[in-house]
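Hi everyone, thanks for coming. Let's put the picture up and walk through it together, piece by piece.

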Amino acid sequence: MSAAYLRPVIAGAAITLATALAVYPMLDAGKLGQLREALGAAALLSLLLPLLWRGRATWLALLLLGAEYVVAESSGHVGAVSVVAYAAGLIGLCELLFWLAELPAKASIEATVIGRRLLLLALTGVSAASLALVALLATSVRLSSAIAGLVLGALAAAALLAIPLLLVRQSRRSS
Amino acid sequence: MNRSPKLALYATFAAASFIAALALGRPELAGLGAPFALVLVLGLSLPPPRVEVHVQLSRERVLEGDQIEVELSLLSSETCEAHVALVLPSGIAPADEPASFLLGLTRDRPQAFKTKLACERWGAYRLGELVVRTSDRARLRLVDQHIAGTAALRVYPSRERLQTLVKPLETQPFAGNRISRAKAEGIEFADIRPYVRGDRVRRLNWRASSRGQTLYVNQQHPERNADVILFLDSFAEAQRENEGTLDLAVRAAATLAEHYLAVQDRVGVVGFGGIVRWLTPASGTLQSYRIAEALLETEVNFSYVWKRIDVLPARTLTPQALVIALSPLLDERGMYALVDLRRRGFDLAVVDVSPIAFAGSSEGGAPDPQALRLWRLWRETLHLRYQEIGVAVAEWTGGESLAKVVEEVGAFRRVAR
C-alpha cells in the first residue's frame, strides 16, 4: 500500500478523535463554558499544525485538550469516569499524529506494518483505559495509617524515578 | 540512536498530569497521565532492534533501459517495523514504486523483499546503499543504520541498429570483410594484366587472351579488414538535467564499435580530454567487452592543460586507420586535435554531437535567440573549415537516428572523393 493512500486515512481518524475529545467537555454549558469552548476550538485549530507540519507542535494540541478537560472536570461538568475514555482517546490521538509524522512521503507499506500498528494502537487504548480505571479506583482506597500512605507514596515515587533511570541505563548501553 | 520527540512529549505530559493531580488534589488527572507513563516504561524497557541487510542484484551487467531486480534480505534482532530507503545514484531509478519501504520484521526470522530498478543511464554503479530506520516497539528511540553499497552494477550504453557504416578509405593487411583497393588474391574482380611467369593458369582470362593474341590474367581485390579509431572528445560537454553530449557520444561510440567489430574490423577507442584514455585497435568479442568497459570510464575531467595528439602512444593511432571523432566541438583543444589528425594524413570523419539542444540561459530559461543564431552560424563556419581540409562533418542532435548521420558522412565522403 502506498503512503499517499494511508496518510488521509490516518489524518481523518485523528481529526475525528480530536473533535470528539474537544466537543465532549463542551456539551454541558454552564460555569466556565466559554473558556472550555475557547480551549476546545484552539485545540482543534492547533491540530492543523501537526497534520500539516509533520507532527510538529503535537504538544500544543495535547496541552489544550488536557487543559480543556481539567477545566471541565474541576468545574464538575464531566463525570469522573469519563477520564477512562479521555485518557485512551488522548494517547490514541498522540499515537495517530506521530504515526502520520513518521510516514515517509513516498513509500510502499507492507500490510503487516499496518496490521501491527492497528493492533498496537488498540492495545495502547485498552491499556490506557485500564490504567486510568485503576488510577480512578485507587482514589476510593482508604488507608488505615500514615505508614501505609508513606509506603504507597514511596512506591509511586520509585515508579516515577524508574523512567529517567531506564533512560540513563539505555543510553549507557547504546554508547 | 536518536530519541523520538514522542519521548519528551510523553514524559512531560505524564509528569505534568501527576503534578497537577497532586496540586489540585484530583486523582483523575493522574489517570490522564498514567497511560503515557506506561508507554514510556514499556517502551524503554525493551531493547532497540539491530537489523542486518544483504543486497543481491538479479544481474550485474545490463544495457541502458533494462530493469533489474534487487532483493533485500533483512534479519532483525527484535520484532519491529523498519523503514528501508534505497539510496540510488543518478542514472538508476525505481521502476514502478518508490525506493522506500516500510517493512514489518519478525524477530530472528529472515525476510526477503524484492523491488525493481530501471537503469536509465550507462555507467558503473555501486548499488545497495541503504538507510534503515528502526525503533523500539513504542517508537521512543530511533536507530538509524547507514549501510554502504557493495553490489556492483555495470550499465552498458544502448546501441542503435545501423544499415550502413562509414567505409574506411584504406584497409589493413589482415583478412576481413572489406574489399581492398589493392590488387591481390581475392574474389572480387579488379582488372586484367599481361601474363608473367609464375602466374597461375587458373587465373588466365581466356576471353581477353583470345582477343589480344597474348595471355592475360585476372586480378582481384583482396578481402581485408580496416582499423577504426573512435575518438571521443571529452574536454567539455553540454548537459541539461541527466542528459548531455557525452552521453550521446558514448552511445554512438558503442553502436559504431559493435557494428565495425561485427564486420571483422579492428576497433580502438581514444578518450581525449582532461584525462587521456586509449584502447589499441583489436577485433573480436573480447575487444567488444574491452570497449564497453572503456566507455563506462569516459567522463569529463576539467583541465587547463593543452594537450596534443602527440600524447597518444603510436600504436593507438595505427596508419591508414579511419578515425571517427565524436565531439561537441566546444573545446579548442579537441578541435585542434582533429585538425592535427587530418594534417597527419588520417582518414577523418567528425560526428558533431550538437550541444545546441542542451543550450540554456544563465538564469536557467530559454537561451537568447540572437546568441543562439550567432552560435549556430559560428558552428556552421567551423563545419565548412573542416570540410575544406577534407573532413566529413555531420551534426547529430541526438533526437534523430545515428544511421542518418552515418549516411550523411558517407555521402560527403563519396562526393568529396
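Let me start with a distance: in chain B, the C-alpha centres of domain 3 and domain 4 lie 44 Å apart. Please keep in mind that what you see is a predicted model. The domain assignment of chain B lists domain 1 at 2-45, domain 2 at 51-156, domain 3 at 183-221 and domain 4 at 227-416.

Now chain A. Its secondary structure comes to seven helices and one strand. If you read along the sequence, you meet the pattern α-α-α-α-α-β-α-α. Chain A has 175 residues, and buried ones make up 32% of them. Here is something about how chain A folds back on itself: take its contacts with a separation of 6 or more, and 78% of those come from residues 24 or more positions apart.

Let's zoom in on one residue as an example, Leu6(A), which lies in helix 1 of chain A, residues 3-23. Is Leu6(A) buried or partly exposed? Leu6(A) has 19 C-beta neighbours inside 10 Å, so it counts as partly exposed; a residue needs 20 or more to be buried. Leaving out residues up to four places away in sequence, Leu6(A) touches Met1(A), Leu103(A), Ile109(A) and Ile114(A). And look at Leu100(A): it sits 94 residues from Leu6(A) along the chain, with 8.8 Å between their C-alpha atoms.

Next, where do the two chains meet? The contact takes 40 residues from chain A and 35 residues from chain B. On the side of chain B that touches chain A, at least two residues each come from helix 1 (5-24), helix 2 (27-45), strand 5 and strand 7. Which of the elements of chain B gives the most to that side? That is helix 2 of chain B, with 16 residues. By class, the side of chain B that touches chain A has 24 nonpolar, five polar and six charged residues.

The chains also share a sheet. It is an open sheet of six strands, with mixed pairing, in the order 1(A)-7(B)-5(B)-10(B)-11(B)-1(B). At its edges are strand 1 (108-109) of chain A and strand 1 (2-3) of chain B, each pairing on one side only. Helix 6 of chain A, residues 111-138, packs on this sheet and touches strand 1 of chain A along with strand 5 (80-86) and strand 7 (100-105) of chain B. The direction of helix 6 of chain A makes about 60° with that of strand 7 of chain B.

Let's follow the pairing where the chains join. Strand 1 of chain A runs parallel to strand 7 of chain B, and two bridges link them. Ser108(A), for instance, has Phe101(B) as its bridge partner. Elsewhere in the sheet, strand 10 (residues 130-135) and strand 11 (residues 141-147) of chain B run antiparallel, joined by six bridges. There, Arg133(B) is partnered by Asp144(B).

Chain B has another sheet to show you, an open one of three strands in the order 3-12-9, again with mixed pairing. Strand 3 (61-63) and strand 9 of chain B each have a single partner strand, so one side of each is left without a neighbour in the sheet. From one strand to the next, the twist averages 25°.

Strand 9 of chain B, residues 123-127, is a nice one to look at closely. Five bridges connect it, antiparallel, to strand 12 (residues 151-156) of chain B. Two of the bridge partnerships are Gly123(B) with Val155(B) and Leu127(B) with Ala151(B). In a regular strand, side chains alternate between the two faces of the sheet. In strand 9 of chain B, Gly123(B), Tyr125(B) and Leu127(B) point to one face and are buried, whereas Ala124(B) and Arg126(B) point to the other and are not.

Last stop: a helix pair in chain B. Helix 4 (residues 245-262) and helix 5 (residues 285-296) of chain B pack at about 175°, with axes 10 Å apart. That angle is why helix 4 of chain B counts as roughly antiparallel to helix 5 of chain B. Among the residues making the contact are Val250(B) and Leu261(B) from helix 4 of chain B, and Ile291(B) and Leu295(B) from helix 5 of chain B. Taken by class, this helix contact has eight nonpolar, two polar and one charged residues.

Thanks for listening!

Methods
Residues are numbered from 1 along each chain as its sequence is written. Chains are lettered from A and ligands numbered from 1 in the order in which they are written. This is a predicted model: local features need pLDDT of at least 70, side-chain atom pairs count only at pLDDT 80 or more; totals for chains, interfaces and linings use all residues. Domain bounds come from an automatic or database domain assignment. Two strands pair if DSSP finds at least two bridges between them. Helices (H or I, at least four residues) and strands (E, at least two) are DSSP runs, numbered from the N terminus. Two residues are in contact if their C-beta atoms, placed from the backbone, lie within 7 Å. Axes are lines fitted to C-alpha atoms, for helices over the stretch in contact, and angles run from 0 to 180 degrees between N-to-C directions. Angles under 35 degrees count as roughly parallel, over 145 as roughly antiparallel, 65 to 115 as roughly perpendicular and the rest as oblique. Ala, Val, Leu, Ile, Met, Phe, Trp, Tyr, Cys and Pro count as nonpolar, Asp, Glu, Lys and Arg as charged, and the others, Gly among them, as polar. A residue is buried if 20 or more other C-beta atoms lie within 10 Å of its own, exposed if 12 or fewer, and partly exposed in between; C-beta atoms are placed from the backbone.
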